[in-house]
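Student: Could you show me how to read the charged pairs in a protein model, and the place where two chains meet?
Tutor: Let us take them in turn, with the structure in view.

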Amino acid sequence: MRKYVAKFILIMLLIFAFGSMTFAQDEVAVDTWEIHFLNSVTGPIASIGEYMSWSANYAAAKINEEGGIRGKPVEIVIHDTGVQPDKGIEEMSKIVDDVLVVMGPVPEAVIMAAVPLAVRNGLFCMTSSTSYEYTVEYFPWTLSWYPPTEEKLPPVTELWAEENPEMEKVVQFVEKWAAWPGMAGAHTIGLNNKNVKVIDVEVPKDAVEFSSLVVKALAEDPDGFVLTCNPDKAGKIIKELVNRGWEEKDNILVFSSADDTALYTTGGDALNGISIYNYIDPDSENERWLNFKQEYKEDHDGKNPGSLATNYYDSVYMIKEAIEEGKLTGDPAKLAEERIKIRDYCRNVENFKGIQITWSMNEGLPTSKPIFLFEIIDGEKQLIGKSR
Amino acid sequence: MSSTLMYFLGFSMTYILMAWSIYLPYRVKHLHFLAVATMAVTSYMGGILSVNFGWSFLPTLLLSIVIGALISYLISHTIGNAPTFTVVIVGITFVFIIKTAIENTDYLGGTIGLFGIPVLDHPLIILFAFLLVIGYFLYRIDHSRIGRAASVIFTDENLAKSMGIKPKQIGMLFQTISGGIAGSAGVFYAFFVGSLFPDFFTFHLIGTLMTILFIGGYTTMWGVIPAALILRGVPMILPSSIASWRLLIYGVLLVAIIATKPKGLITKKMLWELLKKRSGS
């Protein structure tokens, strides 16, 4: 009898020891999940960088309220690149050896400078604010948050042209900065598809006064305008157009990157009636979105979230899912293996429940994401339509 | 070696090269910012030659030295003995001309930048070896008759002329050598970083190089070495939130050094005294 009891105890001990070993293998090795974010919170797109940082921190706060990731809190560590590619490389070099995943960089020039360093070191970059053409070179170590620019943007300018069928010729104000010339080209494709002629007028990067530009544009005798320039400049140009007697406001289209606080503070009442497109639907009834929007407005003097405001909120949640689904530990000894698990999960996530829409990724490309076209009435956006 | 250390050393050495290219013409009171424009030209030339034509590093480097020197030589015919202010204006003008030309040339990547330049396998070893060669070359110049003549020009150009020294020839020579060094720095930068952006070659770079030169000390070639290491290193060690204040830090440092040690941290006199002490002991 004693012999059987001894055998039983031994077997139980072995089972317990094996179980403990297995458990220990999956045990979280970090006190806090640090998610590093290479953002531009100073420089020409500081206002966009601010709300992207805000949304990442907001997501982290919500996750921590819900118990963290695998029981550990999450912290967003912001690295400011100031839109300087060499600073982007410098900041990336500080983290590339040690971190599990990085969000950003932002924007395109910094992506193309700093991501090669991440690729050489096997670090996955959640480049969640840009399009396919700026990240595909670095696949599979990046993903594309949006479809290629020349696929995603033409339908929205086609939609705008359909809403304003009297337009035959438009002037597009283009600022040659980062990805904006490419976006301007995509706007032109859509308008040309609807037989609308497009004349580009360059907006100098250092311009502060726009009367001569507007006079030059009006001399073309256009039926409408597209603004592909920074929000402050877009606001000033629209004001100048209105001051010079332009009345058909719905024939003015502002592109998504200018959908920022600076547009509304600069443009003021002159924006009433203009069209604008972006990637988020402010009228979504999703509860998470309603809370997000309310808290955003409280922190931003009543302004609505900008066009890219939700991207890094969703990114933080996607990383959370990747860590939980892959049972990642954050153990430095497993760094390379766990980096790949995050990468593969995010690039092929299925039915990801974003703050606004549910979507899937196929090898780093989103399967479907809408773009929304709005009219601005008293500072608020009213949906005109959406394109996919 | 950690990536942080590698990039710190690589950037620092490139900045030392560039600071030397500013230092040498300043021996005759020429603040030769044309070096920054030259760096932009040769870095993009190196990038295009390697990406589109498959050139390897060494021939690209050699060509860049020749092209850099040639650009500076041609322009030095006009500003070889011009006042400091004129040389500064010419340099800054060229920087903005080159930057604007790059931004408006799609072949060079326009505003987005030029990418995919093959990165050197052992950049630090090559950079360090090249730095030693250039350092030795500058040391020889500093301690030659030309170097001594330059010191006289710096003190009093009329006195130099009365002694039979030809300021224009020396100015042209130093500007040409400076162009060659800046040309090489451009190619090193391109092959170290792997991508190029017009926004890098702006007043920001000029300001950083000037800070390195005047904090380190403009009377000797050694000053820029600790200055480049400190000024590049501090933002890399500091947390990102503080590193963003680097320009302010540079500005405060520059004002403080100019106020307390107008010739910079390391001066010729200091080095002489150190040498005398060593030989005395």
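Student: What do the side chains of A:K205 and B:E103 meet in?
Tutor: Side chains of opposite charge can pair when their charged atoms come close. Here the side chains of A:K205 and B:E103 meet in a salt bridge, at 2.8 Å from N to O, where a salt bridge is a side-chain nitrogen of Lys or Arg within 4 Å of a carboxyl oxygen of Asp or Glu. A:K205 and B:E103 also belong, with B:K99 and B:D199, to a network of salt bridges. Bear in mind that this is a predicted model, in which local features need pLDDT of at least 70 and side-chain atom pairs count only at pLDDT 80 or more, while totals for chains, interfaces and linings use all residues. Residues are numbered from 1 along each chain as its sequence is written, chains are lettered from A and ligands numbered from 1 in the order in which they are written, and side-chain values use heavy atoms, with hydrogens and water left out.

Student: How many salt bridges does the rule find across the interface of chain A and chain B?
Tutor: The rule finds two across that interface, and the structure holds 18 over all chains.

Student: How many residues of each chain are in contact?
Tutor: Contact means heavy atoms within 4.5 Å, and by that rule 31 residues of chain A touch 29 residues of chain B. In chain A, A:D86, A:E90 and A:K94 lose the most area to chain B, together 26% of what that side buries; buried area is the accessible area (1.4 Å probe) that two parts lose on being put together, summed over both.

Student: Is A:E175, which pairs with A:K233, buried or exposed?
Tutor: Buried means under 20% relative accessible area, exposed over 50%, and partly exposed in between (1.4 Å probe, protein chains only). A:E175 is buried because its relative accessible area is 4%, and A:K233 counts as buried at 5%. Their side chains meet in a salt bridge of 2.7 Å, N to O, and the pair links distant parts of the chain, 58 residues apart.

Student: How far apart in the chain are A:E324 and A:K320?
Tutor: Both lie in helix α12 (residues 311–325) of chain A, four residues apart, which is about one turn of the helix; helices (H or I, at least four residues) and strands (E, at least two) are DSSP runs, numbered from the N terminus. Their salt bridge is 3.2 Å, N to O, and A:E324 is partly exposed at 30%, whereas A:K320 counts as buried at 14%.
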